[in-house]
Structures are given as structure tokens and as C-alpha cells.
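Let's take a friendly walk through this structure, looking at how its strands pair up and what sits on its surface. Keep the picture at hand as you read.

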Amino acid sequence: MAEKACKNCNRIVDGADECPVCKNNDLSNSWSGLVVIYDPESEIAEKLGIQTPGRYAIRVK
Ligand SMILES: [Zn+2]
């Protein structure tokens, strides 16, 4: 899997070594579930604690 997920905020990171949201470089190859957030004020974004639109993993190991 070429895409990695940030262990801190679950952001999917494609082709970079650093999370564009929280600047964390602790990324994981082992993640599952994918949610696309368009509206950070939506219920799902709030539930997941997401404040920046983008693609996020549901679970990151
Ligand atoms: Zn992050």
C-alpha cells in the first residue's frame, strides 16, 4: 500500500514522509477504513476529531 496514515491524526498521507496536517512523521502502513471529510463541521468529522478536510483512516495500527 503506497499510502500511509498519520498515527497522530489518522490523515492519509500519499507520497510524503510527513503529515500535512500535524507535521508528524510517524506514519503507518497498517491502517484500515477510509473516510473522506469535506466539511469539518459535519457530525462524522466532529466524532473523529478532524478539523481539516481530506481523507482519513478509520483505524491506524
Ligand atoms: Zn497527522
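Cysteine 6 has leucine 27 of S3 as its bridge partner. This contact belongs to the antiparallel pairing of S1 with strand S3 (residues 27–28), which runs over two bridges. Keep in mind as you explore that the model is predicted.

S1 also has a pairing with strand S2, and the table puts the two pairings side by side.

| Strands | Sense | Bridges | A bridge partner pair |
|---|---|---|---|
| S1 and S2 (residues 12–14) | antiparallel | three | alanine 5 and isoleucine 12 |
| S1 and S3 (residues 27–28) | antiparallel | two | cysteine 6 and leucine 27 |

Which residue in the hairpin of S1 and S2 takes a positive phi? Look for asparagine 10, where phi is near 75°. The hairpin has five residues between its strands.

Now turn to the surface. Leu34, Val36 and Tyr38 come together there as a nonpolar patch, and their accessible area adds up to about 350 Å². Leucine 34 belongs to strand S4. Partly exposed means between 20% and 50% relative accessible area, so leucine 34, at 46%, counts as partly exposed.

A patch of negative charge is also found on the surface, formed by Asp39, Glu41, Glu43 and Glu46. Where does aspartate 39 lie? You will find aspartate 39 in the loop that links strand S4 (31–37) to helix H1 (43–48). Aspartate 39 counts as partly exposed because its relative accessibility is 40%.

Notes:
Residues are numbered from 1 along each chain as its sequence is written. This is a predicted model: local features need pLDDT of at least 70, side-chain atom pairs count only at pLDDT 80 or more; totals for chains, interfaces and linings use all residues. Side-chain values use heavy atoms; hydrogens and water are left out. Patches are made of residues with over 30% relative accessible area and no salt bridge: like charges are joined within 9 Å, nonpolar side chains (Val, Leu, Ile, Met, Phe, Trp, Tyr) within 5 Å. Accessible areas come from the Shrake-Rupley method with a 1.4 Å probe; for residues, only the protein chains shown count as cover. A salt bridge is a side-chain nitrogen of Lys or Arg within 4 Å of a carboxyl oxygen of Asp or Glu. Lys and Arg count as positive and Asp and Glu as negative; His and the chain ends are not counted. The place of a charge is taken as NZ of Lys, CZ of Arg, CG of Asp or CD of Glu. Helices (H or I, at least four residues) and strands (E, at least two) are DSSP runs, numbered from the N terminus. Buried means under 20% relative accessible area, exposed over 50%, partly exposed in between (1.4 Å probe, protein chains only). Two strands pair if DSSP finds at least two bridges between them.
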